[in-house]
Structures are given as structure tokens and as C-alpha cells.
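Reader: I would like to go through this structure with you, one topic at a time. Could you start with the terms we shall need?

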Amino acid sequence: PVEYVSTPIREQEQIVGAVVIFKDITERLIIDRMKDEFVSVVSHELRTPLTSIRSAIGVLSSGRLEPKSSKSQRLLEIALNNSNHLVRLINDILDLERIKSGKVTMLKENHNAADLMTDAVEIVQSMADKAQITISVTPLSVQLWSDRDRLIQTLTNLLSNAIKFSPPHTTVHLDAQLQSDGTIRFEVKDRGRGIPPDSLETIFDRFQQVDASDSRDRGGTGLGLAICRSIVQQHGGQIWVESILGQGSTFCFTLPIGD
Ligand code: ADP
């Protein structure tokens, strides 16, 4: 599709010609369509928890239930869980948009990769204990020019996914290697349910989940991997996943060690 502007060329009040400028607007139309899709997905994602909150509060405010009854408690729990989910969702949407649009710049400093790895493991340790999953970490002592908080956020997102999608009594591995091209390769490896081949790339897009119930049942927002990808790209690195369905997944990302 094209858009054009035309300007007549006049000579002594007579139109003797015209300059016409054609502009290819394909890219703009694609961006407009992506925005429309995003707004419709976001409204759906927001409406679902809001509807649960509204109906729970509706029943509670009708006065038909004893305030201390187990049914009332259950409705309060539903309203609270869904409110928490909404807050997470809105924070993730804002966070992703800020990183993608470059509104937050990465605060890069020299950090030891080993410290980032052990800090990330510490954050998810209690979640792993609850799920009866062992985390095995092999810290790599290399200086890395990076935004500490954002890298820890990336590692904890990947580790918590690995924990969420693995059965009890399995081990999640966090490793890193220095590669010959001067990048560090981080790996988060699980023995969980794995990812089907046709989802290996799409799961890094916003709100893409292998199973529609993944977000509801497991408390995710479907934005974690999109946030990881934006952070890694802002560091000049790449992220991808290798997986065999039913056997486990390995999420890998590379980062240049210095600027
Ligand atoms: P969510 O908040 O749903 O975890 P993510 O963007 O982090 O959102 O992940 C998107 C989807 O990718 C998940 O819902 C799940 O379907 C799939 N996924 C992510 N990590 C794993 C993993 N380690 N094992 C299996 N599936 C995974």
C-alpha cells in the first residue's frame, strides 16, 4: 500500500504539471496492526482477573453469606489472588514497554558473573524448596559489563520457569561458559515437560504460552520471556531455547563480556 501527496506546478496561474510523492506505508500499517492486536490481548488479559474480582465482591457485598464462613473466605482469597495477578501483569507490561522503547537505559557496570549467578539462585531458592527441586549452580568468575539488577531479573525469570515446569525431585542447572568469541554463554537447564518445536520461537513473544492455562494455573503473566529477550538484546546478546518434549529444556543466552 502507498500514500501520496501531490503539489501542482503553476506557471502564470496555469497548472502545467504536478509533483507526486509516493510513500510505501506497509511498515506503518504493520505497526498499527501490531498495536491493535496488543491492545486487544492486553484488554483480554486484564478483563479476566477483573471479572473474577467483580463477581467475588458482588457476592460478598450482597450480604447473603456469613462474613466468617468458608465460602466468604474463599471468595476473598479469589479476589486477592486476582488482584495480585493484575498488579504483576500491569508491572510487567509497563516494564517491558519501558525496556523495549529504550526509556530505561541499562545501568552497566563491571560485575562478577559468579556473584550474579549466586544472587539469582538465592532469590528463587525458597520457591525451589517448596517445589522439591534442587538447584545446581556452577558460578563462573569472569568480569561482565552489565546491568546487575536486569541480569539477575533475567536469570531469576528463567530459573523460576524451570522450577514451575519441572516435576519434584529433579535438578535445575545454572551454568556459564566463556566462549572463544569473547561472549559468556549462560544456560538454565531443566528436566521438565519440555516445549513443542513449533513454540520454541513464539514463547519469547508477549503473552505466548504453550498451554492457555499456563498463566492462570502457574501464576505467570506470559511476559517473562519477552522481558528476558529485551534485556539480553539491550546488552547486545542473544537468547534462545533448545528442548525435547517430555525430556526438558535448556534456555541459553549470550552476552558480550565488555564494552
Ligand atoms: P509465564 O509467565 O507464562 O511463565 P513466560 O514468558 O516466562 O511466561 O513463558 C512463556 C511460556 O513458555 C510459559 O507459559 C510456558 O508455556 C513456556 N515455558 C517457559 N519456560 C519453560 C520451561 N522451562 N519448560 C517448559 N515450558 C516453558
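Author: Certainly. A residue is called buried when its relative accessible area is under 20%, exposed when it is over 50%, and partly exposed in between. Please keep in mind that this is a predicted model.

Reader: Thank you. How many salt bridges are found in the whole structure?

Author: The search finds eight salt bridges. One of them joins R150 to D95, with the closest N and O atoms 3.1 Å apart. This pair links distant parts of the chain, since R150 belongs to helix 4 (residues 148–164) and D95 to helix 2, 55 residues apart.

Reader: Are R150 and D95 buried or exposed?

Author: Both R150 and D95 are buried.

Reader: Which residue forms a salt bridge with R74?

Author: R74 forms a salt bridge with E77, and the closest N and O atoms are 3.0 Å apart.

Reader: Why are R74 and E77 separated by about one helical turn?

Author: The two residues are three apart in helix 2 (residues 70–100), so about one helical turn separates R74 from E77. R74 counts as partly exposed, at 43% relative accessibility. E77 is partly exposed as well, with a relative accessible area of 43%.

Reader: What about E187 and R185?

Author: Their side chains meet in a salt bridge, at 3.1 Å from N to O. E187 has a relative accessible area of 14% and is therefore buried. R185, at 18% relative accessibility, also counts as buried. Elsewhere, D119, R148 and D149 are joined into one network by salt bridges that share partners.

Reader: Let us change topic. How many residues of strand 1 are buried?

Author: The count is zero among the ten residues of strand 1 (residues 2–11), so this strand is hardly covered by the rule of under 20% relative accessible area.

Reader: And in which sense do strand 1 and strand 2 pair?

Author: Strand 1 and strand 2 (residues 14–24) pair in the antiparallel sense, over ten bridges. Within this pairing, P8 stands opposite A18 in strand 2. The hairpin has two residues between the strands, and Q12 takes a positive phi near 45° there.

Reader: Which residues make the nonpolar surface patch?

Author: V5, I9, V16, V19 and I21 make a nonpolar surface patch of about 420 Å². Strand 1 and strand 2 are the elements that give two or more residues to the patch. Strand 2 provides the largest share, three residues.

Reader: Where does I9 lie, and how exposed is I9?

Author: I9 lies in strand 1. Its relative accessible area is 38%, so I9 is partly exposed.

Reader: I should also like to hear about the aromatic residues. How many aromatic pairs are there?

Author: The count comes to four aromatic pairs. In one of them, the rings of Y4 and F22 have their centres 5.7 Å apart and their planes at 45°.

Reader: Why does that pair count as tilted?

Author: Planes under 30 degrees apart would be stacked and planes over 60 edge-to-face. The planes of Y4 and F22 are at 45°, so the pair is tilted. Y4 lies in strand 1 and F22 in strand 2, so the pair ties together parts that are 18 residues apart in sequence. Y4 is exposed, with a relative accessible area of 55%. F22 is exposed too, at 56%.

Reader: And what kind of pair do F204 and F251 form?

Author: F204 and F251 form an edge-to-face pair, with 6.1 Å from centre to centre and 65° between the planes. F204 is in the loop between strand 7 (183–189) and helix 5 (214–218), whereas F251 is in strand 9 (residues 248–256), 47 residues apart. Both F204 and F251 are buried.

Reader: Where does R206 lie?

Author: R206 lies over the face of F38, at 4.1 Å from the ring centre.

Reader: One last point: where is P1 placed?

Author: P1 is in the segment before strand 1. P1 counts as exposed, at 55% relative accessibility. From C-alpha to C-alpha, P1 and I133 are 54 Å apart in space, and they are 132 residues apart in sequence.

Methods. Residues numbered from 1 in each chain as written. Predicted model: local features only at pLDDT ≥ 70, side-chain atom pairs only at ≥ 80, totals over all residues. Heavy atoms only, no water. Salt bridge = Lys/Arg side-chain N within 4 Å of Asp/Glu carboxyl O. Helix = DSSP H or I, 4+ residues; strand = E, 2+ residues; numbered from the N terminus. Buried < 20%, exposed > 50% of the residue type's maximum accessible area, 1.4 Å probe, protein only. Pairing = 2+ DSSP bridges. Patch = residues over 30% accessible without salt bridge, like charges linked within 9 Å, V, L, I, M, F, W, Y side chains within 5 Å. Areas by Shrake-Rupley, 256 points an atom, 1.4 Å probe, with all protein chains shown as cover. Phe/Tyr/Trp six-rings, centres within 6.5 Å; stacked < 30°, edge-to-face > 60°. Lys NZ or Arg CZ within 6 Å of the ring centre and 35° of its normal.
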